[in-house]
Each structure stands twice: as structure tokens, then as C-alpha cells.
Amino acid sequence: MLLQNSCSADTLRALETAPAMFLVLSPELYILTASDLFLQATESLREDIKGKYIFDAFPDNPNLPDPDGVNNIMASLQFVIKNKQAHIMPVQRYDVPDKSAPGKFIIRYWEPLHSPILDQNGSISYIIQSVRNVTSEFLSKEEALKSQEERRESLKQVDALHQDLFTAYDNLRNLNISLENEVLNRTRELQQSESKYRNLIEYSPIAMQVFRGEDMTFEIVNASMLRFLGKTADIIGKPLFVGVPEIVGQPIVEALYKVYRTGESLEIYAEKVILERNGLKEVGYYDVLYRALHNDGKITGVLGIAIEVTPQILAQQSIKESEARFRTMAEGSEILISLMNEKGKLEYLNTAWVNLTGWQQENLHDFNWEEYIHPSDLALVEENIKNSLKAHEPFSNEFRLLNKQGEYRWLKIKGMPRLNSDQLFVGYICSGSDITREKQRLQEIESVNKALIRSNQQLRDTNIRLLESEENLLTAFNAGELGSCSLNLRNNVAEMSEQYRHHFGLPLKGEISWEMVLEAVEPEFLDEVKTVLENAAKYGSPVDSTYAIRHLVTGVRKWMRVVGKVYQGADGSNERIYAIVMDVTAQKEDEQRKNDFIAMVSHELKTPLTSVNGYVQLLQLKARNRDAFDINLFVDKIQTQLKKMTTMINGFLNISRLESGKIQLNRSRFDLSVLVSNLEEEYAAFVSTHRFICTPGSGMWVAADEDKIAHVINNLLSNAVKYSAFNSEIYISCKLIDEQVVLCVKDTGNGIQPQDIPKLFERYYRVQNEKTSTIAGFGIGLYLSAEIIERHGGKIWVESEVGIGSAFYFSIPYAPIADWMD
Ligand code: ADP
């Protein structure tokens with residue numbers, strides 16, 4: 001008996017080194033042994049698990065919320081024990097305890113196959129749990145290559161095992177033949193050995209087959225191999241091309257026959273084989289070992305061992321394809337694409353990078369960022385990448401980098417973490433672009449912004465100044481009673497300041513049309529005003545026009561001067577007139593008075609001059625005729641006329657002196673009451689038409705220019721005489737009131753209308769009425785008097801009532817003691 005409910009030590013040892021992952025279990029599910037590869041994959045030691053109940057050695061991962069490994073495996077094993085048939089389980093998660101961290105488990109996915117090994121009596125000797133660690137199918141390319149290497153090693157080991165087995169088998173057979181006649185028992189042993197060999201193949205979890213003869217008849221094909229081939233045991237005893245017709249013409253057949261012909265073993269890796277399974281042709285990849293079988297030194301057949309590597313190859317292919325896709329994309333892209341490993345070292349740069357920097361892919365191993373990044377940006381970039389590498393988080397950097405022309409370019413590089421199939425961080429895939437132009441634009445925008453802010457500030461300041469100057473202008477306009485207006489020449493709409501409206505009596509608010517303005521203009525000036533406006537509109541001529549208006553509300557006649565300028569629009573046409581208007585009534589009236597004055601002066605001067613002329617002609621006539629005449633009489637008359645003229649001319653001269661500031665005051669301290677008494681006496685002596693009543697007071701001391709004060713009193717007295725009836729009284733008085741000496745000349749004459757009173761002291765002003773029209777005068781007497789009194793620091797005024805009389809006053813400071821000059 002080879003096995004009786006347990007495995008022989010030899011068999012177990014042979015199984016332990018088999019190049020597959022499996023556990024050997026007793027029918028009671030105790031671990032008899034495990035293959036080296038199994039121990040490796042589950043990170044366990046043989047002495048730790050040997051003799052243990054399978055589920056004590058490999059319990060469920062208690063950290064999983066709902067572990068089902070133990071249950072599923074148990075169900076499969078029970079099926080095998082009950083039916084004495086192999087059972088393939090679907091992919092099963094079954095984590096293995098982590099030796100390095102007690103209590104922790106390592107994630108693993110398996111594809112378990114439970115195969116019963118029966119003894120000659122058909123009882124289960126032991127159960128092989130063979131497993132495939134499918135976690136590795138998702139391993140990276142490097143790991144796939146490593147696993148290929150491992151498989152190569154496994155195949156070699158399987159081959160070695162079978163070599164040994166065959167050697168043993170051949171030896172036994174040879175021995176058997178040589179001892180054929182000797183020991184029948186030996187024959188039985190041989191049969192047992194053959195059976196053991198056959199069993200080993202048939203129940204091996206590794207796909208195996210034995211071909212015999214030229215036509216490669218299937219002699220042994222185990223379950224795993226049948227699964228690969230997609231066939232049933234019917235093919236046993238059939239030639240290869242009959243059992244598996246789709247294999248005809250495939251390279252694997254050539255390899256098989258080569259081994260058969262040459263006797264040399266062949267190892268083929270990742271061989272593509274197309275097999276028909278369930279009526280469908282399927283492509284699979286296999287690592288295959290063919291070894292020739294000999295008998296009596298002759299090749300009699302071939303042993304074939306196969307391990308399916310389709311998932312690994314497909315995974316590799318898809319990695320290759322995706323890598324190729326990535327590279328094609330990366331190389332054709334203008335985006336800067338690079339790969340960085342988990343330590344931050346560059347592994348790959350695309351053409352866009354090479355074009356920009358001139359760095360070569362093959363020199364990347366000794367490449368140093370620090371040499372190329374701008375010193376001001378380096379620390380930040382390094383810090384950022386260091387932190388991102390630590391946290392496995394995405395990063396984004398903006399920095400300057402030297403290009404191949406030795407110029408710094410601004411780059412923006414983003415890095416996304418790269419994870420392998422186990423979700424482990426393996427570095428970054430980075431993409432980026434040259435943002436120099438954007439940066440420059442940004443800087444330009446920033447500097448434009450700064451300039452804008454500056455000019456905004458200036459604008460604000462200018463606006464404030466403008467507002468101030470507008471206010472100043474308005475104040476100045478108001479102070480000068482200047483109105484401003486702008487007239488739109490296209491629609492005749494006028495915009496006017498309040499002062500302007502005020503001057504014309506226009507509504508103080510609301511739109512004003514030019515026609516409304518024209519309504520105020522006196523008819524005799526309408527044509528002139530219109531012509532000025534037309535010339536401005538047509539030729540852009542400046543406006544300067546003085547005309548009379550009648551105030552639209554009060555009806556008072558006023559003189560206005562309008563000065564303006566024409567402004568042209570963008571199209572060069574005359575668009576608008578800006579003008580200021582001022583009330584020049586006073587000037588106009590002054591001018592009028594001046595004209596009247598000149599006319600009167602001419603007339604008044606002409607009268608004595610005509611008299612003088614007449615006397616001189618008479619003198620000439622008398623002299624020529626030698627007539628006797630009293631020359632003194634003529635000379636007196638001429639002198640009287642000349643004196644009149646001199647007085648008149650002196651008066652005018654005084655005005656011009658006064659106005660040019662040349663009048664000097666020769667002050668002295670004198671008693672005004674004395675001066676008044678003297679003057680009254682003179683008048684009383686020479687003027688018999690009126691009665692003078694004088695109350696001069698006494699001690700009316702003033703510090704003044706006596707001649708000029710006498711001139712003022714003279715003027716007041718002569719006016720009182722001129723503007724009152726014959727035989728009426730004229731009162732002269734002098735009083736001291738509040739440290740002021742107040743003089744009064746009062747008559748009982750015509751009196752003065754109230755509206756004329758404020759104007760009496762203006763230059764050339766004369767009251768115009770029937771009575772005054774016959775009285776000679778120049779309208780300068782009161783004007784001169786007022787000037788003289790004001791220069792003395794005094795005041796002059798009048799109180800008058802029409803029909804009752806007028807009282808003219810002046811006051812000058814009282815100077816009681818002689819220190820007035822101090
Ligand atoms: P003139 O007497 O030469 O016209 P004045 O300057 O002395 O000039 O006087 C100005 C005007 O004041 C006079 O024209 C006159 O109408 C008025 N006036 C002056 N004195 C009197 C007065 N005593 N009574 C009435 N009107 C007077």
C-alpha cells in the first residue's frame with residue numbers, strides 16, 4: 001500500500017518541493033504538509049501548520065465584516081470527501097495572517113482546486129488543496145516579469161521532479177524486466193509504481209499529459225490539462241489531431257514534434273495557443289515544458305506540462321497597450337508631460353519637454369532640477385513637492401525654468417498621484433504648460449492697473465480741484481453778478497445759471513429756449529442781437545454785444561453785456577455758444593451821464609467864451625475906429641467870464657485829480673463853527689434872494705483841510721440856493737454829536753424823490769425833472785463833496801421830502817485837543 005489514510009514520508013517530501021502551491025490534507029482535514037510555494041505565498045512556516053486542523057492554521061480574517069473563506073473552503077472539501085471527485089472553487093478571498101504584524105492579515109485572492117487522491121481501494125488517501133494566487137494577476141509589469149521568472153523556475157522544478165520520477169519509473173521498469181522472472185511481487189510493485197506515477201499525473205493540480213507514438217496519441221491527460229484543452233477524457237487514446245483538431249498548424253505542435261524527434265527538452269514561455277472550448281475558439285497563453293520519454297533508449301513519447309498564464313499575459317498586454325497609448329499621446333502632445341517616481345525623481349519626459357529644455361530622456365538618471373529652476377522659486381517648489389510626496393496628494397506649482405536657449409520661462413506644472421494595481425503610490429504623472437505669456441500679460445495688466453489706479457487718483461484730485469475751481473468760479477460769478485449760459489445752436493435750447501435768469505426775469509428753474517430770452521430784449525436791439533447770434537452760429541464769430549432789455553417780471557429797463565465764444569463739435573461744426581452776461585446798467589448810465597456832462601460842459605464853456613469873444617471883437621472894432629471907450633469896463637467883463645470858466649475848469653480838474661488819487665489833504669486843526677460863520681456872512685452879503693439862518697455853535701474843532709471843507713460847505717449852500725424858491729430860508733447849523741462834528745445845510749425847497757437819493761452822490765448824477773432842467777449844473781458838486789468828506793474819515797448824507805425841502809449833512813471826527821496828529 002502506498003498510502004493508507006496518510007501519505008508516505010517520501011511522497012510528502014516530493015510533494016513539498018513540487019512547483020505549485022498546494023496543501024496536502026488528511027481526509028480529516030489535518031495538514032500533512034504544504035508545498036514550498038504555498039508556504040511562501042501564505043507567509044507561513046511548515047512546522048507551524050503541519051499537523052494542524054486546516055482552519056486552525058488558516059482562520060478567517062476577523063477584521064473583515066463578513067468573512068466567508070472558511071465556510072466556502074469547508075463546503076468544497078466536504079464535496080470532495082463525499083463524491084471523491086475534484087472540486088474547483090471560484091475565486092475566493094482568503095487573507096493570510098501577517099507574520100510581521102501579529103493579528104494583521106494580508107489581502108489575498110485565490111483560485112482553489114481540491115483534488116482527492118485515492119488509493120487502490122478507491123478510498124481517499126489524502127486531499128490536495130492546490131491554489132493559485134490570483135492577486136498577482138493585477139501586479140505591475142515588473143511583478144509580472146518576476147512571476148514569469150518564478151514560473152520559469154517552477155517549470156524547471158516540475159521538470160526535475162518528473163525527471164526524477166521518470167528515472168525512478170524507468171529504473172523500476174528496467175529492474176522489473178531484468179527481474180521479470182524472479183519476482184512477481186516486483187511486477188506488482190512496478191504496477192503500483194506505474195499506478196502511482198499515473199495517479200501523480202492524473203491528480204496533479206498542474207496540467208500534464210503524456211503523448212505516445214508518432215501520432216501523439218494521448219496516453220495520460222489529467223483533469224487540469226483537460227480543462228485547458230476544453231475536452232473530456234474521451235480524447236485519451238486518440239491521436240492529438242483527432243482529439244484536438246484545432247491544434248493543427250499551430251506552432252506548439254511543431255515544438256512538440258521537435259522534442260519527439262530530437263529528444264531535447266523544450267521550455268516555451270507564454271506560448272499562444274488557440275483551443276476550442278465549449279464550441280468557441282479561445283486564445284490562451286501557456287508556459288509549456290515538453291520532455292521526451294524514452295524506452296530502451298528510444299523516444300517513445302513526450303511528457304507535456306502546461307501552466308496557463310493568460311491573465312498575466314493579457315495584463316501585460318494591456319499594460320503595454322496602455323503604456324503605448326500613453327506614450328503616443330504624450331509624445332504627440334504640446335502639453336509638458338512627465339512621470340516622477342515616488343521619491344520625486346524624473347522617469348520620463350515627453351517631446352514637448354525635450355523641445356523646451358533640451359534635456360534628454362536618457363540622461364534623466366543624473367538630472368538635477370535645482371540647476372534649472374529660478375533661485376527665487378526653488379525653495380517653494382521643493383517644499384511643495386516634498387509635502388505632496390509625503391501626503392501622496394496632488395500638487396500644482398508655478399515657477400521659472402531655464403529653457404534650452406538659457407532663458408527663464410514661467411511654467412505651471414500639476415502632478416496627479418500614480419497608483420499601481422494594489423493602490424500603492426508610485427509617484428506622479430505631471431502635466432504642464434508654458435505660461436510665460438500669461439504671466440507677462442498678468443504683469444502688464446497689473447502695471448496697467450497700477451497706472452489706472454494712479455490716474456484714477458489723479459482724476460479724483462483733478463475732479464476735486466475742478467469742483468473747487470467751479471465753486472470758486474461760481475462764487476466769483478455770483479460776486480460779480482455774472483450770469484453764465486450755454487446755447488445749443490442745433491436745437492436752440494439754452495442752459496442758464498440762476499444769475500442769468502435773474503438778470504432777465506426768466507423762470508429760475510426749467511428749460512429755457514432762446515426765444516424766451518429774446519422776449520426780454522428791447523425791440524430796437526432785436527436785430528443786432530439776432531445778427532450777433534447768426535454770425536456766431538454761421539462763422540463761429542465771438543459774441544460781444546451790449547443791449548437793453550426790459551426785465552420780464554419788473555419791467556425795469558436794464559443794460560446787458562453778453563460775451564461769449566463758439567465751441568465746435570466733433571464734426572467741426574459750430575455746436576454751442578458759452579457766454580457770460582453782466583448787468584452794465586450802471587456803467588451805461590454813467591456813460592450816458594458823462595455824455596450829457598460833456599454836452600453841458602461844452603455848452604457852459606461856450607457861453608462865457610462867446611461873451612469873451614464878443615467883447616474882444618467889440619474892443620477891436622472900437623480900436624480900429626479909434627472910438628473913445630472905457631477899456632476897464634470891457635476888461636472887467638472879460639475877466640468875469642474868464643473867472644467863470646476858470647472855476648468850471650478847476651472843478652473838472654478836481655474830479656480828474658480826485659480820480660487819479662492826486663488830491664492831497666492839507667490838514668490843520670480849526671474850529672468849524674468859525675468857518676461856517678464866515679461863509680454864512682459871505683453868502684448873506686452877496687446872495688440877496690434867500691435868508692440865511694446860522695447856528696454855528698462853538699468849539700467845533702476838527703483836524704481837516706480847511707479849503708476843501710469850505711468847498712464842500714459852499715457847494716451845499718449854493719445847491720440850497722439853486723434848488724429852493726426865492727425868499728425861502730436856508731438854515732446852517734453845526735453840532736457836536738458822539739465825538740463827531742455834524743454840519744447841516746437845510747432848505748425849504750423842491751425836495752428830492754426817494755429813488756434819486758441813493759444816486760445823488762454819483763458822478764455826473766443830476767435829477768431829471770421839469771424844475772431841475774432849467775437849473776445849470778454838472779452833477780459833480782455832491783460827488784466831489786462826498787469824496788472829500790470820506791477822505792476825512794467822515795460821512796455825508798441827505799434827508800429830503802418832495803415839496804418840503806432837503807437837509808444835507810456831513811460829519812467829521814471831533815478834534816478837541818491839539819495832539820490830533822499823533
Ligand atoms: P449840480 O447841482 O451841479 O447839478 P450836484 O452834484 O451839486 O450837481 O447836485 C446833484 C443833483 O442833486 C442836482 O442836480 C440836484 O438835482 C440835486 N440837488 C442837490 N442839492 C439839492 C437841494 N438842496 N435840493 C434839491 N435837489 C438838490
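This note goes through the domains, the largest pocket, the helices around it and the cavities of a predicted model.

1. Domain layout. The assignment splits the protein chain into domain 1 (2-140), domain 2 (206-308), domain 3 (314-440), domain 4 (468-583), domain 5 (590-660) and domain 6 (668-821). The centres of domain 3 and domain 6 are 111 Å apart, taken over C-alpha atoms.

2. The largest pocket: size and centre. Its volume is about 1,700 Å³. The lining of the largest pocket comprises 50 residues. Those nearest its centre are N715, S718, N719, K722 and A776.

3. Where the pocket sits. Which domains give residues to the lining of the largest pocket? Both domain 5 (590-660) and domain 6 (668-821) do, so the pocket lies between them.

4. Which elements build the pocket. Two or more lining residues come from each of α18 (585-624), α19 (631-659), α20 (672-686), α21 (706-722), α22 (781-791) and β31 (805-813). The top contributor is α19, with nine residues.

5. Character of the pocket lining. Polar residues number 23. There are 18 nonpolar residues and nine charged ones. Charged side chains are thus part of this lining, whereas the linings of the largest cavity and of the second largest cavity have no charged residues.

6. The α18 and α19 pair. Both helices give residues to the pocket lining. Their axes come within 10 Å and cross at roughly 160 degrees. Angles over 145 degrees count as roughly antiparallel, and α18 and α19 are therefore roughly antiparallel to each other. The crossing is left-handed. Residues of the contact of α18 with α19 divide into 18 nonpolar, two polar and three charged.

7. The α19 and α22 pair. Here the axes come within 11 Å, and the crossing angle is roughly 45 degrees. That makes α19 oblique to α22. This crossing, too, is left-handed. Like α19, α22 supplies at least two residues to the lining of the largest pocket.

8. Cavities overall. How many cavities of 30 Å³ or more does a search of the whole structure find? There are three. The largest and the second largest are taken up below.

9. The largest cavity. Its volume is about 220 Å³. The lining has 19 residues, and Q209, L229, I247, I252 and Y290 lie nearest the centre. At least two lining residues come from each of β9 (207-212), α8 (223-229), α10 (251-262), β11 (266-277), β12 (280-295) and β13 (298-308). By class, the lining of the largest cavity has 17 nonpolar residues, two polar and no charged. For reference, domain 2 is assigned to 206-308.

10. The second largest cavity. The space in it is about 160 Å³. It is lined by 14 residues, with F38, F58, I73, Y94 and Q129 closest to its centre. Elements giving two or more residues to this lining are α2 (36-42), α4 (54-57), β7 (109-118) and β8 (124-133). The lining of the second largest cavity divides into 11 nonpolar, three polar and no charged residues. Domain 1 is assigned to 2-140.

11. Points to keep in view. The largest pocket lies between domain 5 and domain 6, because both give residues to its lining. α19 gives the most to that lining. It is roughly antiparallel to α18 and oblique to α22.

Notes. Residues numbered from 1 in each chain as written. Predicted model: local features only at pLDDT ≥ 70, side-chain atom pairs only at ≥ 80, totals over all residues. Heavy atoms only, no water. 1 Å grid on protein atoms, 1.4 Å probe; cavity = no way out; pocket = protein on both sides within 12 Å on 5 of 7 lines; lining within 4 Å. Points joined across faces, edges and corners; volume = space filled by probe spheres on them. Helix = DSSP H or I, 4+ residues; strand = E, 2+ residues; numbered from the N terminus. Nonpolar A, V, L, I, M, F, W, Y, C, P; charged D, E, K, R; others polar. Domains from an automatic or database assignment. Axes fitted to C-alpha atoms, helices over the stretch in contact; angles between N-to-C directions. Parallel < 35°, antiparallel > 145°, perpendicular 65-115°, else oblique. Left-handed = near helix turned anticlockwise from the far one by under 90°.
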